[in-house]
Amino acid sequence: MIEIDRYRVGSSSPIGKALLINIKEFKNDTTAERTRQGSEKDQENLKTVLEKLQFDVNNIDNLTKNGVNEAIERFVSELNSAPVDIFFFCIMTHGGKDCLKSHDNKDIDPEEDILEKFSDSNCPGMKG
């Protein structure tokens with residue numbers, strides 16, 4: 001029989017927090033992909049699954065690059081002030097090589113603008 005390591009989740013309620021950012025429209029975009037058709041359905045399906053798993057879900061649409069940064073910083077602040085067992089972060093958008101696109105069509109660096117904000121030093125409430 002195969003042994004599978006499992007992470008035991010505590011009994012907090014909600015069990016986790018989730019931040020879903022859906023950038024479905026892009027200002028100043030001259031391509032045919034100015035709007036991500038159907039992304040609302042993906043967002044709603046993901047929210048439904050997470051809520052069934054007892055996550056507190058926050059949906060935000062069409063954020064500028066500054067808005068994305070501010071939303072992540074608020075989310076990290078919440079995680080630091082009231083830690084949960086699990087957090088889930090998802091940004092749904094267009095992108096290119098090594099970048100994601102914001103509503104104002106600016107590049108978001110996944111490592112610098114997102115991952116670094118969830119590091120142990122910036123998000124000690126989730127360290128463990």
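## Two faces of a helix, and the cores around it

Let's begin with helix α1, where K41 and K52 are exposed on the side away from its buried residues. This is a predicted model, so treat what follows as a tour of that prediction.

Which residues of α1 are buried? They are S39, Q43 and L50. Looking down the axis of α1, you would find these buried residues within an arc of 40°, so they line one face of the helix. A general rule helps here: an α-helix has 3.6 residues a turn, so residues three or four places apart point the same way. The cover over the buried residues of α1 includes β1, β2 (55-61) and β3.

The length of α1 can be checked too. The helix has 14 residues, 39-52, and at 1.5 Å a residue it should span 20 Å; its end C-alpha atoms are 20 Å apart, which agrees. Just after α1, Q54 has a positive phi of about 70°.

Now turn to the largest nonpolar core, which holds 20 residues. Those touching the most other members are I21, V68, F89, I91, I114 and F118. Two or more residues come from each of β1 (16-22), α2 (65-81) and β3 (86-92), and α2 gives the largest share, with 6 residues.

I114 is a good residue to click on. Setting aside neighbours within four places in sequence, I114 is in contact with I72, F89, I91, L100, I108 and D109. There is also a second, separate core of 8 residues, and among them are A18, F55, V57 and M92.

Methods
Residues numbered from 1 in each chain as written. Predicted model: local features only at pLDDT ≥ 70, side-chain atom pairs only at ≥ 80, totals over all residues. Heavy atoms only, no water. Core = buried A, V, L, I, M, F, W, Y, C linked by side-chain atoms within 4.5 Å. Buried < 20%, exposed > 50% of the residue type's maximum accessible area, 1.4 Å probe, protein only. Helix = DSSP H or I, 4+ residues; strand = E, 2+ residues; numbered from the N terminus. Contact = heavy atoms within 4.5 Å. Expected span 1.5 Å × (residues − 1). Arc of directions from axis to C-beta.
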